[in-house]
Each structure stands twice: as structure tokens, then as C-alpha cells.
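Student: I would like to go through this model step by step, beginning with a single residue and then moving on to the helices. Could we take the questions one at a time?

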Amino acid sequence: LPISIMALVACSLRLLCLSLLWFARASSSGRLVSVADLHGDYERTVSILMHAGLIDDSTAWVGGDATLVQTGDIVDRGDHGKEIYELLFKLGEEAQQSGGSVVILMGNHELMNLQGDLRYVSSGDYEAFGGRQQRLADWAPEGWLGSKVRAFPAAHVARNVL
């Protein structure tokens, strides 16, 4: 899909996901946990995931067969977007080993960064990547982060919940 259509889909999805954190019991096994708008706040991210019973104090996955859906906007405003992406990618690998999963959706701030709209990037976020040029390289289509973010879906159905 062209990026402009992806933006419309991501914005429409945002309207459906108004709460910052919600839980839903599935009819099958496991829980569905959705978290939105982390905006570079690593400490709060860890706190939310711990309170949801998905990680322990060493940030290891303890959520068993739960599904975590992060509905976008991991980046911008705060200084620790890189650390949050690294954490979620690690948790995705760990969750699979116990029958769980981590799904990261494309948010409008991810899309903005892919399009080069960096007005909400903090100086601390640039520093976390090792400077502006390194951040741009990491977000490029072939960069370690840019290649993964470009694969994020705009929407996802988990346990009959969009």
C-alpha cells in the first residue's frame, strides 16, 4: 500500500484503540493485552508491562501464552524509543518460546519517521542512536530498525479482536 493509504488506515485504527491500556479475556487460552502510545518513555513501558504480568523485573517475558499488541507510537516525544523497540523485539522472541506473541502495529509516529518528518524527535532520542546521522541510517529501508518498522501491519486481528 502507498504510505498515504497506510497513514489513513493507521489513523482509523487509532480511533478504534482509544484507551491507553486494556485487557480482554479470550474464549481460548491466554490473554490479550493492548498498549498504545509509549512515545519513548521506557520506564513507563516497563512499568505497564510488569503490571500487566507480561515481564518480570529483569524484563524477561513471563506472560506465557498471552498476546501483546502494541498499537503504535513507540517513538517520538520521549528519549528512549530505541530501547523500547529493542525490548519489544526481544520480548517477541521470548514470547514465541512459551506460546505467546508480540504484535507491533504501525502508528502515525512510525509513519512520520519513515517519511522523514522528524519534528517530534527529541535530542535524547538522537543521542540514544548515536547522533542524527546514525538514527537516519538505522531508520533507512536497509537499517536494522527501518527494515522492521516497514513490515509493521496497520491493523491486526488477535483472538477475534481488531
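Student: Does G40 count as buried or exposed?

Tutor: Keep in mind throughout that this is a predicted model. G40 sits in the loop that joins strand 2 (31-35) to helix 2 (42-51), so its position in the chain alone does not settle the matter, and the relative accessibility has to be consulted. The cut-off for a buried residue is under 20%, and because the value for G40 is 2%, G40 counts as buried.

Student: Which residues, beyond its neighbours within four places in sequence, is G40 in contact with?

Tutor: A useful starting point is V75, which is 35 residues away from G40 in sequence, while the C-alpha atoms of the two are 5.1 Å apart in space. Once the neighbours within four places in sequence are left aside, the contacts of G40 are I74, D76, G78, D79, H80, G81 and I84.

Student: Which residues of helix 2 are buried, and why do they lie on the same side?

Tutor: The buried residues of helix 2 are T45, V46, I48 and L49. They lie on the same side of helix 2 because the arc they cover around the axis is only 160°. The face turned away from that buried side carries the exposed residues E43 and H51, and the answer to your question is therefore T45, V46, I48 and L49, within an arc of only 160°.

Student: At what angle do helix 2 and helix 3 pack?

Tutor: Two packed helices are described by the angle between their axes together with the distance between the axes. For helix 2 and helix 3 (residues 81-97), the axes are 9 Å apart and the angle is about 30°. That angle makes the two helices roughly parallel, and their crossing is right-handed. The angle you asked for is about 30°.

Student: How many nonpolar residues does the contact of helix 2 with helix 3 have?

Tutor: On the helix 2 side the contact involves Y42, T45, V46 and L49, which meet E83, I84, L87, L88 and L91 of helix 3. Sorted by class, this contact has 1 charged residue, 1 polar residue and, for the number you asked about, 7 nonpolar residues.

Student: Which helices do the buried residues of helix 6 pack against?

Tutor: In helix 6 (residues 132-139) the buried residues are R135, D138 and W139. Because they cover an arc of only 95° around the axis, they lie on the same side of helix 6. The helices they pack against are helix 3, helix 4 (108-114), helix 5 (123-129) and helix 7 (146-149).

Notes. Residues numbered from 1 in each chain as written. Predicted model: local features only at pLDDT ≥ 70, side-chain atom pairs only at ≥ 80, totals over all residues. Heavy atoms only, no water. Helix = DSSP H or I, 4+ residues; strand = E, 2+ residues; numbered from the N terminus. Buried < 20%, exposed > 50% of the residue type's maximum accessible area, 1.4 Å probe, protein only. Contact = heavy atoms within 4.5 Å. Arc of directions from axis to C-beta. Axes fitted to C-alpha atoms, helices over the stretch in contact; angles between N-to-C directions. Parallel < 35°, antiparallel > 145°, perpendicular 65-115°, else oblique. Left-handed = near helix turned anticlockwise from the far one by under 90°. Nonpolar A, V, L, I, M, F, W, Y, C, P; charged D, E, K, R; others polar.
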